[in-house]
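Welcome! Please take a moment to look over the sequence and the model, and then read on for a short guided tour.

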Amino acid sequence: MTARIAVFAANSDGNVPPIATIAGDKTGLADPSGLALDSAGDLYVLNDTGGDDKRGSIAVYPPGTNGNVAPKATIADGVHDKNTQLNTPKGLALDSAGNIYVTNASGIDTVTVYAAGKFGNVAPVKIIAGADTGLNLPHGIGVDSDGTIYVSNDGSDNKGVDTVTVYAAGSSGNAKPIATISGSLTGLEKPDGLAVGP
């Protein structure tokens, strides 16, 4: 099946065609698993198997992109240089400054953070990882207006616990959550996507 991004007009309803579709060999789409828009309307797409090494990539498209169009910017490893530390990425979010947050759920569970406006084979400026983080197959991610980070963890696949872990703004390293949502009353079951309200 061809990877594609479909865009529908505001207030669409019923059997209506998209107003734009991003698809084709020039787009760099490869199992897209996350989307985010920045304040300028640029579309950020997380690709689960993108990049030369198939370990993940981020593609950025300007507003109004339609068709088989190459992204205007990407974050991806090169053939020999593995700087990005993307590894089967599952979730993508932007903060109010345009920094990019990604959950990685293969090998070591991590949240990698990339500086706003920096693209190419770039290293993250921060990484949340370690036993104290409570990360367990992290999927969804969101960042609120204060920079607090929210992550949904599909722990059931690792015989763990399904949770939402919350980290203080600026967290890095083996950071302990400042809050954790889990337990039988939550109704969490293999949580995937996540959004933060205003």
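Two residues are said to be in contact when heavy atoms of theirs lie within 4.5 Å. Please keep in mind that this is a predicted model.

## The largest nonpolar core

Let's begin on the inside. In soluble globular proteins, nonpolar side chains tend to be buried together. Here the largest nonpolar core has 14 residues, and those that touch the most other members are Tyr44, Ile58, Ile75, Leu92, Ile100, Val102 and Tyr114. Two or more residues of this core come from each of these elements: strand 4 (43-47), strand 5 (57-61), strand 6 (73-76), strand 7 (89-94) and strand 8 (100-104).

Which residues is Leu92 in contact with, leaving aside its neighbours within four places in sequence? Among them are Tyr44, Ile58, Ile100 and Val102, which also belong to the group touching the most other core members. Leu92 is in contact with Gly34, Leu35 and Ala36 as well, and with Val45, Leu46, Tyr101 and Ile141.

## A second core, and a buried threonine

A second core, separate from the largest one, is made up of eleven residues, including Val111, Val113, Val143 and Tyr167.

Two of these residues, Val143 and Tyr167, are also in contact with Thr148. You can find Thr148 in the loop between strand 11 (138-143) and strand 12 (149-153). Is Thr148 buried or exposed? Thr148 counts as buried, because its relative accessibility is 14% and the cut-off for buried is under 20%. Beyond its neighbours within four places in sequence, the contacts of Thr148 also include Gly142, Val166, Ala169 and Ile178.

## Salt bridges

How many salt bridges does the structure hold? There are four. In one of them, the side chains of Asp48 and Lys90 meet at 3.4 Å, N to O. This pair links distant parts of the chain, as Asp48 sits in the loop between strand 4 and strand 5 while Lys90 is in strand 7, 42 residues apart. Asp48 counts as buried at 15% relative accessibility, whereas Lys90 is partly exposed, with a relative accessible area of 24%.

Asp53 has a salt bridge with Arg55, where the closest N and O atoms are 3.7 Å apart, and one with Lys82, where the closest N and O atoms are 3.5 Å apart. Lys82 lies in the loop between strand 6 and strand 7 and Asp53 in the loop between strand 4 and strand 5, so their salt bridge ties together parts that are 29 residues apart in sequence. Through shared partners, Asp53, Arg55 and Lys82 form one network. Within this network, Asp53 is buried, with a relative accessible area of 18%. Arg55 is partly exposed at 37%, and Lys82 is partly exposed at 43%.

## The largest pocket

Our last stop is a look at empty space. Rolling a probe the size of a water molecule over the atoms shows where empty space is left. The largest pocket holds about 230 Å³ of space. Its lining consists of 14 residues, and Ile5, Val7, Leu37, Gly41 and Leu43 lie nearest the centre of the pocket.

Strand 1 (4-7), strand 2 (20-23) and strand 3 (32-37) each give two or more residues to this lining. Which element gives the largest share of the lining? Strand 3 does, with three residues. By class, eleven of the lining residues are nonpolar and three are polar, and none are charged.

Key. Residues numbered from 1 in each chain as written. Predicted model: local features only at pLDDT ≥ 70, side-chain atom pairs only at ≥ 80, totals over all residues. Heavy atoms only, no water. Core = buried A, V, L, I, M, F, W, Y, C linked by side-chain atoms within 4.5 Å. Buried < 20%, exposed > 50% of the residue type's maximum accessible area, 1.4 Å probe, protein only. Helix = DSSP H or I, 4+ residues; strand = E, 2+ residues; numbered from the N terminus. 1 Å grid on protein atoms, 1.4 Å probe; cavity = no way out; pocket = protein on both sides within 12 Å on 5 of 7 lines; lining within 4 Å. Points joined across faces, edges and corners; volume = space filled by probe spheres on them. Nonpolar A, V, L, I, M, F, W, Y, C, P; charged D, E, K, R; others polar.
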